[in-house]
Amino acid sequence: MLSLPAGAAGSRIVGLGHHQPARVMTNDDVAELVETNDEWIRSRTGIITRHVAADDVTVADMATAAAEHALTDAGVANDDVDLVIVATTTAMDRSPNTAGRVAYALRTGVQPGASTPEGEEEPDLRGVVGPGVIDVNTACSGFAYAVGLADQAIRTGSARTAVVVGSEKLTAVTDWFDRSTCILTADGAGAAVLQAADSPGVGQVVWGSEPEITPAVRIEAPAERFAQDGRAVFKWAITRAAERARRVVEASGLTLDDVEVLVAHQANLRIIEPLAKSLGLEDRVVVSDITESGNTSAASIPLGLSKWWHDGRIPAGVPALLFGFGGGFTWAGQVVTTPQR
């Protein structure tokens with residue numbers, strides 16, 4: 001008969017990290033490209049600024065930087081990582097996948113195929129067994145999916161230490177002449193380090209999809225440009241998102257009264273604030289990083305979580321509800337315990 005390994009009782013987040021490109025694009029900058037203005041964008045989305053990556057910066061580059069930050073925060077060595085999962089919907093390269101590129105870069109300091117910097121010794125990788133590497137593409141819910149997969153891998157004994165990253169270069173698939181979408185998109189990455197724990201620090205992932213609005217958010221060939229039915233997304237978010245989020249909290253064994261932090265996908269401030277109110281969480285810590293980071297799809301939850309964590313705006317060791325939704329049309333979430341400081 002087959003035998004199964006005894007995994008850990010649970011997993012916990014022990015470190016957080018993030019990366020954003022240096023270039024900041026204001027609403028006035030966007031107004032130079034399409035007919036709009038700062039007041040119109042703020043009133044409809046809450047966005048004030050967004051970060052834009054240079055042409056030669058890849059999704060893997062940003063993911064690696066966020067992963068390194070998270071590992072440093074956790075005090076975990078790169079060689080101790082036995083699973084890397086990257087959530088992204090904008091990676092241009094099919095193989096090696098983004099997670100494989102991140103795993104390689106964490107060990108060597110360069111992306112696959114790149115030359116070792118002058119003066120540094122070429123790494124000898126003969127006989128090295130690297131981590132498992134998985135890409136997840138469920139767009140804006142991707143990070144919650146990826147955390148769920150990492151937690152399950154740890155609890156079943158397939159991994160002990162996992163790096164989970166959300167990384168996106170949405171500006172590379174943006175039609176800068178489409179006012180309905182170009183005001184939203186941005187680039188960046190966020191990461192978390194999960195480790196085996198004696199008690200659960202990551203609750204059960206609850207995930208699903210909405211067949212009725214599957215085509216509402218798209219990046220399709222041949223155009224390869226981000227497009228969405230904004231009204232359909234907004235209607236779903238206002239009428240159904242709270243019920244889905246309640247399922248997540250119930251699955252964790254907690255109640256909404258226990259939740260101290262809400263980190264929802266940073267799609268639109270006009271969605272985040274009503275969602276918090278519907279859940280009765282408006283007086284808790286409600287991450288609203290969208291104002292300065294825009295919509296970064298799968299990166300938005302870990303990016304906002306890490307930034308606010310490192311800024312001291314999120315308490316240590318408290319229940320935080322992660323809830324993502326978007327392209328596909330997918331949604332997912334879990335309650336996690338924030339790291340200790």
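Here are two short exercises on the pockets of this predicted model.

**Exercise 1. Work out what lines the largest pocket, and which domains its lining draws on.**

*Solution.*

Step 1: Start with the space itself. The largest pocket has a volume of about 1200 Å³.

Step 2: Go to the middle. Of the 48 lining residues, Leu170, Val217, Arg218, Ile219 and Phe226 are the closest to the centre of this pocket.

Step 3: Now look at the elements. Two or more lining residues come from each of the helices α2 (38-45), α6 (179-182), α7 (230-239) and α9 (269-278), and the strands β5 (132-136), β9 (217-220), β10 (225-228) and β13 (319-326) do likewise.

Step 4: Zoom out to the domains. Domain 1 (10-115 + 126-197) and domain 2 (206-338) each put at least three residues into the lining of the largest pocket.

Step 5: Sort the lining by class. You get 19 nonpolar, 19 polar and 10 charged residues.

**Exercise 2. Do the job again for the second largest pocket: find the residues closest to its centre and the element with the largest share of its lining.**

*Solution.*

Step 1: Volume again. The second largest pocket comes out at about 200 Å³.

Step 2: Its lining has 17 residues, and those closest to the centre are Thr58, Val59, Ala60, Met92 and Asp93.

Step 3: Check the helices. At least two lining residues come from each of α3 (59-74) and α4 (98-108). The largest share belongs to α3, with three residues.

Step 4: Finish with the classes. The lining of the second largest pocket holds seven nonpolar, five polar and five charged residues.

Conventions:
Residues are numbered from 1 along each chain as its sequence is written. This is a predicted model: local features need pLDDT of at least 70, side-chain atom pairs count only at pLDDT 80 or more; totals for chains, interfaces and linings use all residues. Side-chain values use heavy atoms; hydrogens and water are left out. On a 1 Å grid over the protein atoms alone, a cavity is a set of points where a 1.4 Å probe fits but cannot get out, and a pocket is an open set with protein on both sides within 12 Å along at least five of seven lines; lining residues have an atom within 4 Å of a point. Grid points are joined across faces, edges and corners, and a volume is the space filled by probe spheres set on the points. Helices (H or I, at least four residues) and strands (E, at least two) are DSSP runs, numbered from the N terminus. Ala, Val, Leu, Ile, Met, Phe, Trp, Tyr, Cys and Pro count as nonpolar, Asp, Glu, Lys and Arg as charged, and the others, Gly among them, as polar. Domain bounds come from an automatic or database domain assignment.
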